[in-house]
Amino acid sequence: MATDKKPSTLEEEYFAREDAERLRKLHADEQSSLRQGQKDALRSLHAGRCSGCGAQLVPEQVSGIVIQHCPACGGAFLDKRAWDTLHAHADSQTVMGAVLNWFKAGSKP
Ligand SMILES: [Zn+2]
C-alpha cells in the first residue's frame, strides 16, 4: 500500500548519515587502493577546480578566511587552512556570519 506521507526529518537525517558513512568508506577504500602517482595525478587534474562543475575556482577573502568560490555554479569550498582559521578564531560565529553574509546576493562578483 503506497502512502503519500512525507518522510520525517529524523528519517531523512538517518538516511543522510547512512549515505555519508557509505561515502566515507568509499573514500577510505579508494585512498588505500590508489598509488601515490595516481593520487598526484588526481590532485594535479582537480586542484583549484569546483567539485560540482569543474570550473576554475576564484579565491575570495572574507574576514580573514579565503573562500574558494565558483562563479559558474555558485558553489564554494573552504580548504583546511580556512577551517583551521575559522575554528581558531575567538569569535568563530562572527566570522562564519561574515562568510554566510558574503553569499547573500550582491556580495559576490
Ligand atoms: Zn562550480
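## Buried or not

A residue counts as buried when its relative accessible area is under 20%, as exposed when that area is over 50%, and as partly exposed in between. Cysteine 50 has a relative accessible area of 11%, so it is buried. That cut-off comes back several times below, so keep it handy as you look around this predicted model.

## The overall picture

The protein chain has 109 residues, and buried ones make up 16% of them. You'll find four helices and three strands here. Starting from the N terminus, the order is α-α-β-β-β-α-α, with the strands sitting between two pairs of helices. Take the contacts between residues at least 6 apart in sequence: 23% of these join residues at least 24 apart.

How sure is the predictor? The chain's mean pLDDT is 86, with 89% of the residues reaching 70 or more. Confidence is highest in α2, at a mean of 94, and lowest in α4, at 78.

## The zinc site

Four cysteines hold the zinc ion: Cys50, Cys53, Cys70 and Cys73 each coordinate it through SG, at 2.3 Å. Along the chain, these donors follow the spacing C-x2-C-x16-C-x2-C. Cysteine 50 belongs to the loop between α2 (36-46) and β1 (58-62), while cysteine 73 belongs to the loop between β2 (65-69) and β3 (76-77). The two are 23 residues apart, so this pair links distant parts of the chain.

What arrangement do the donor atoms make around the zinc ion? The angles they subtend run from 99 to 121°, and because four donors count as tetrahedral if all angles lie between 85 and 135 degrees, this site is tetrahedral.

The two cysteines of that pair are not equally covered. Cysteine 50 is buried at 11%, whereas cysteine 73 has 43% relative accessibility and therefore counts as partly exposed.

## Helix α4 and its two sides

Now for helix α4, which spans residues 92-102 and has Val95, Ala98, Val99 and Trp102 as its buried residues. Looking down the helix axis, you see these buried residues fall within an arc of 100°, so they line one face. The face turned away from them carries the exposed residues Gln93 and Leu100. And what covers the buried residues? The cover includes β1, β2 and α3 (80-88).

Alanine 98 gives a closer look at this helix, since it lies in α4. Setting aside neighbours within four places in sequence, alanine 98 is in contact with Val62 and Ser63. Its C-alpha atom is 9.9 Å from that of glycine 64, and these two residues are 34 apart along the chain.

## A glutamine in β2

Is glutamine 68, in strand β2, buried or exposed? With a relative accessible area of 18%, it falls under the 20% limit, so glutamine 68 is buried. Not counting residues up to four places away in sequence, glutamine 68 touches Leu57, Val58, Pro59, Gly75, Ala76 and Phe77.

## One aromatic pair

The count of aromatic pairs comes to one. Its partners are tyrosine 14 and phenylalanine 15, with ring centres 5.2 Å apart. Their planes meet at 75°, and planes over 60 degrees apart count as edge-to-face, so that is how this pair is classed. Tyrosine 14 itself is partly exposed, with a relative accessible area of 40%.

Conventions:
Residues are numbered from 1 along each chain as its sequence is written. This is a predicted model: local features need pLDDT of at least 70, side-chain atom pairs count only at pLDDT 80 or more; totals for chains, interfaces and linings use all residues. Side-chain values use heavy atoms; hydrogens and water are left out. Donors are N, O and S atoms within 2.8 Å of the metal (3.2 Å for Na, K and Ca); water is not among the atoms, so sites may look incomplete. Four donors count as tetrahedral if all angles lie between 85 and 135 degrees; four count as square planar and six as octahedral if opposite donors are over 155 degrees apart and all others between 65 and 115; anything else is irregular. Buried means under 20% relative accessible area, exposed over 50%, partly exposed in between (1.4 Å probe, protein chains only). The arc is that of the directions from the helix axis to the C-beta atoms. Contact means heavy atoms within 4.5 Å. Rings of Phe, Tyr and Trp (its six-membered ring) pair if their centres lie within 6.5 Å; planes under 30 degrees apart count as stacked, over 60 as edge-to-face and the rest as tilted. pLDDT is the predictor's confidence in each residue, from 0 to 100.
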